Amino acid sequence: MSDASSSKDTALLRIRDLQIEFGRHDAAPVKAVRSISLELKHGESIALVGESGSGKSATALSFARLLPEPPASISAKEMSINGREILKMSGRELRGIRGKEIAYIFQEPTTSLNPVLTIRTQIAEALALHRPDVTKAGRDDEIVRWLDKVGIVDSRKRLHAYPHELSGGMQQRVMIAMALCTQPKLLIADEPTTALDVTIQKQIMDLLARLRRELDMSIILITHNLGIIRSVADRVAVMFRGEIVETGPVDEILRNPQHAYTKALLACVPRMGAKQARLTAIDHTALG
Ligand SMILES: Nc1ncnc2c1ncn2[C@@H]1O[C@H](COP(=O)(O)OP(=O)(O)O)[C@@H](O)[C@H]1O
Ligand SMILES: [Mg+2]
């Protein structure tokens, strides 16, 4: 029997008709994701865009079963990574794919970085869990190699720094090093730069684009900002109220958006130096 996980023909991630509800005590469940289908080939990257509440994070978290179930209940005709059905995985199998096959970074470095542990301790922990090829004696060198890769200067001196001793952008870089040192096939970056200045945003996006090429991995970039996706993503899927309403190559969608909601999102793209446009200003009544 051939090994599905090593076949280049197998999609990295295949989602068919994903639905996610959140149960409530006092009312009918919230349908956060209504029907999402998505296929990602090895090495391919996609941006999942849509305003706050459209179901982007719930979708992405469900790929590694990171939503609390309950209140979440997830169903899908298929939800597979390298041909293996995620919804049928045991707790042990799921722990194996979290971090190792699917890694996440989030908006706030503080949700991933522990304030009372040094950078070295935190990255060493990820290596100890997922990189049996790195010996204990070789860990510091490997950590320094990753800090260099993500553009931390004086990396060896930074080993003993605590998160608060670094700027927001540097914390984000450490978080990226921590997520990628396990060499995942898929990085899910959920609004990774929303909290940062525009210039730092651009640097982090360029870094992700470079790392994607160097490491031959796929990225799912979640954002409400269509202005930042070009360097990282090949395709875009636009989400609106729990559904994908438009999908296609990045250039095509940016040049010629079809759906009214995509046009509205594009109109909100914050420009360099301009005041941050607010997506809450999108007029839903006009979208039906
Ligand atoms: N843990 C949760 N419990 C209950 N409802 C949730 C939970 N997470 C998300 N939701 C609901 O699901 C919907 C989609 O949320 P989310 O996926 O976070 O959107 P986005 O990431 O696009 O902003 C929202 O209505 C939100 O309130
Ligand atoms: Mg979100």
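**Questions on a predicted model**

Student: How many other C-beta atoms lie within 10 Å of Gly-227?
Tutor: Gly-227 is partly exposed. In this predicted model, a residue needs 20 or more such neighbours to be buried, and 12 or fewer make it exposed. The count for Gly-227 falls in between, at 19.

Student: Where is Gly-227 found?
Tutor: Its C-alpha atom is 28 Å from that of Arg-16, a residue 211 places away along the chain. Gly-227 itself is found in a loop. That loop runs between strand S9 (218-223) and strand S10 (235-240).

Student: Which residues have the most contacts inside the largest nonpolar core?
Tutor: This core has 76 residues. In general, nonpolar side chains tend to be buried together in soluble globular proteins. Here, those with the most contacts inside the core are Ile-123, Ala-177 and Leu-187.

Student: Which helix gives the largest share of this core?
Tutor: The share amounts to eight residues. They come from a helix that covers residues 168-180. That helix is H7.

Student: Which residues is Ile-123 in contact with, leaving aside its neighbours within four places in sequence?
Tutor: Ile-123 is among the residues with the most contacts in the core, and so is Ala-177. Ala-177 also appears in the list of contacts of Ile-123. The full list is Ile-143, Trp-146, Ala-177, Met-178 and Cys-181.

Student: How many of the 13 residues of H7 are buried?
Tutor: H7 is largely enclosed by the rest of the structure. Its buried residues include Arg-173, Gln-171 and Gln-172, as well as Val-174 and Ile-176. The number of buried residues in H7 is 11.

Student: What covers the buried residues of H7?
Tutor: Strands and helices both take part. The strands include S7 and S8. The helices include H3 (109-112), H4 (119-130), H5 (139-149) and H8.

Student: How far apart are the end C-alpha atoms of H7?
Tutor: H7 has 13 residues, and at 1.5 Å a residue it should span 18 Å. The model agrees with that expectation. The end C-alpha atoms are apart by 18 Å.

Student: Which residues lie on each face of S7?
Tutor: S7 covers residues 102-106, and five of its five residues are buried. Both faces are therefore covered, since a strand residue here counts as buried with 20 or more C-beta neighbours within 10 Å. One side holds Ile-102, Tyr-104 and Phe-106, the other Ala-103 and Ile-105.

Student: In which sense, parallel or antiparallel, do S7 and S8 pair?
Tutor: S8 covers residues 186-190. It shares five bridges with S7, and Ile-105 stands opposite Ala-189 in S8. The sense of the pairing is parallel.

Student: Is Gln-201 buried or exposed?
Tutor: Gln-201 lies in helix H8 (residues 198-215). Beyond four places in sequence, it touches Thr-193, Leu-196 and Ile-228. It has 21 other C-beta atoms within 10 Å, so Gln-201 is buried.

Student: Which element gives the largest share of the shell around ligand 1?
Tutor: Lys-56, Ser-57 and Ala-58 are among the residues around ligand 1, as are Val-30, Ala-32 and Pro-71. The elements that give two or more residues are strand S2 (30-40) and helix H1 (56-62). The largest share, three residues, comes from H1.

Student: How do the residues of the shell around ligand 1 divide into nonpolar, polar and charged?
Tutor: The shell includes Phe-22, Gly-50, Ser-52, Gly-53, Ser-54 and Gly-55. Gly counts as polar here. The division is five nonpolar, six polar and one charged.

Student: What is omega near for the peptide bond from Pro-70 to Pro-71?
Tutor: Most peptide bonds are trans. Pro-71 is found in the loop between H1 and S4, and the bond from Glu-69 to Pro-70 is cis, with omega near -10°. The bond from Pro-70 to Pro-71 is cis too, with omega near 10°.

Student: What is phi of Asp-154 near?
Tutor: Most residues other than glycine have a negative phi. Asp-154 sits in the loop between H5 and helix H6 (155-158), and with 9 C-beta neighbours inside 10 Å it counts as exposed. Its phi is positive, near 55°.

Notes: Residues numbered from 1 in each chain as written. Chains lettered and ligands numbered in written order. Predicted model: local features only at pLDDT ≥ 70, side-chain atom pairs only at ≥ 80, totals over all residues. Core = buried A, V, L, I, M, F, W, Y, C linked by C-beta atoms within 7 Å. Helix = DSSP H or I, 4+ residues; strand = E, 2+ residues; numbered from the N terminus. Contact = placed C-beta atoms within 7 Å. Near = placed C-beta within 6 Å. Pairing = 2+ DSSP bridges. Expected span 1.5 Å × (residues − 1).
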